Amino acid sequence: MNEQTANSSGFEDETVTVIIPFCEAFTPQEMLEAAVETAEQQTGVDVDVMVVEDEDQRGPAWARNVGLERTDTRYVAFLDGDDLWEPDKLERQLRRMAETGAGMCVEGRPGRSTEGFIEGLLTSEIFALTSSVVIDTDRVDARFDESLTRREDHLYMIEVADNVGVCFVEDLFEAGKYEEGMSTRVEKSPEQAEAFFDRLTDVVPAAEKYERGYYRDVFVDIGWYYHGKERHVRALQCYYRSLRNGPNTKAVGAAGLTLLASLYRLPLRTGQRLVPR
């Protein structure tokens, strides 16, 4: 670490633990090494990189929780093994946290409200932010929900933001594009979407006000997932559930494309019901 940079930042006495979940089945070793390098080369702060190997494929929530239990530094950051940090990422985030008093910092437009951040996560305006998260463990003791197969990172961020506030810094990392990553192998389903929202409202009851917007968006996403699997009837059922939570052009447009695809690829069986009662 450059001494002059450290002294000017005011964080020369801080060490940030960087928790990186790693499962070789989902991330190549060379991508992990590149991610680790971008963590170790951070300017203005010292880092302690902790790679948590998940040999039994228990999931990133498990690995991040293991890291949280092992760390003894005040500040903790999360980095996925296929993502890359900007060189001054942590320095800028710690400065912003000191300025705002927030207990968490993520990538985003400065000035966004906590409420806007939560709504953005629930309506897919904001996504894939885990590699930008920094928390102050003096104020945050939340853990990732290992029972969820999707959106466990969103649940964590919403819980922390609701409890201790969140601040934002732009242009912090480059998301990886590994096509065989874990997120591409976990199936989507209405049951998963409902399990997430049920758990969310247990943890943050005020999130109930976002229910219609969440289901309006998530059922379009799940429907398009089924479209890609050529499960056209199931896709149309999801679009219908989306529209039951409010009119939206995304559901209508996706339904039209799925109907066209079903005519050319998978003709509907006689009498098969498209819309649930």
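Arg92 is partly exposed, with 22% of relative accessible area, and in this predicted model the residue forms a salt bridge with Asp88, the closest N and O atoms being 3.2 Å apart. The pairing belongs to a wider set, since a search of the whole structure finds 17 salt bridges. The points below take up several of these contacts and then turn to a negative patch on the surface.

**The Arg92 and Asp88 pair**

- Asp88, the partner of Arg92 in the salt bridge, is likewise described as partly exposed, its relative accessible area being 29%.

**The Lys250 and Asp217 pair**

- Lys250 and Asp217 form a salt bridge in which the closest N and O atoms are 2.7 Å apart.
- Because Lys250 lies in helix H10 (residues 249-264) and Asp217 in helix H8 (residues 211-228), the pair ties together parts that are 33 residues apart in sequence.
- The partners fall into separate classes of accessibility: Lys250 is partly exposed, with a relative accessible area of 49%, whereas Asp217, at 8% relative accessibility, counts as buried.

**A network of shared partners**

- Asp54, Asp56 and Arg58 are joined into one network by salt bridges that share partners.

**The Asp138 and Arg74 pair**

- A salt bridge also brings together the side chains of Asp138 and Arg74, with an N to O distance of 3.3 Å.
- Asp138 is placed in the loop between strand S6 (134-136) and helix H6 (152-164), and Arg74 in the loop between helix H3 (60-70) and strand S3 (75-78), so this contact ties together parts that are 64 residues apart in sequence.
- Asp138 counts as exposed, at 58% relative accessibility, while Arg74, at 35% relative accessibility, counts as partly exposed.

**The negative surface patch**

- Glu86, Glu170, Asp171 and Glu174 form a negative surface patch.
- Within this group, Asp171 lies in the loop between strand S7 (166-169) and strand S8 (173-174).
- Asp171 counts as exposed because its relative accessible area is 60%, and the cut-off for that class is over 50%.

**Background to the pairings**

- As a general matter, side chains of opposite charge can pair when their charged atoms come close.

Methods:
Residues numbered from 1 in each chain as written. Predicted model: local features only at pLDDT ≥ 70, side-chain atom pairs only at ≥ 80, totals over all residues. Heavy atoms only, no water. Patch = residues over 30% accessible without salt bridge, like charges linked within 9 Å, V, L, I, M, F, W, Y side chains within 5 Å. Areas by Shrake-Rupley, 256 points an atom, 1.4 Å probe, with all protein chains shown as cover. Salt bridge = Lys/Arg side-chain N within 4 Å of Asp/Glu carboxyl O. Lys, Arg positive; Asp, Glu negative; His and termini not counted. Charge placed at Lys NZ, Arg CZ, Asp CG, Glu CD. Helix = DSSP H or I, 4+ residues; strand = E, 2+ residues; numbered from the N terminus. Buried < 20%, exposed > 50% of the residue type's maximum accessible area, 1.4 Å probe, protein only.
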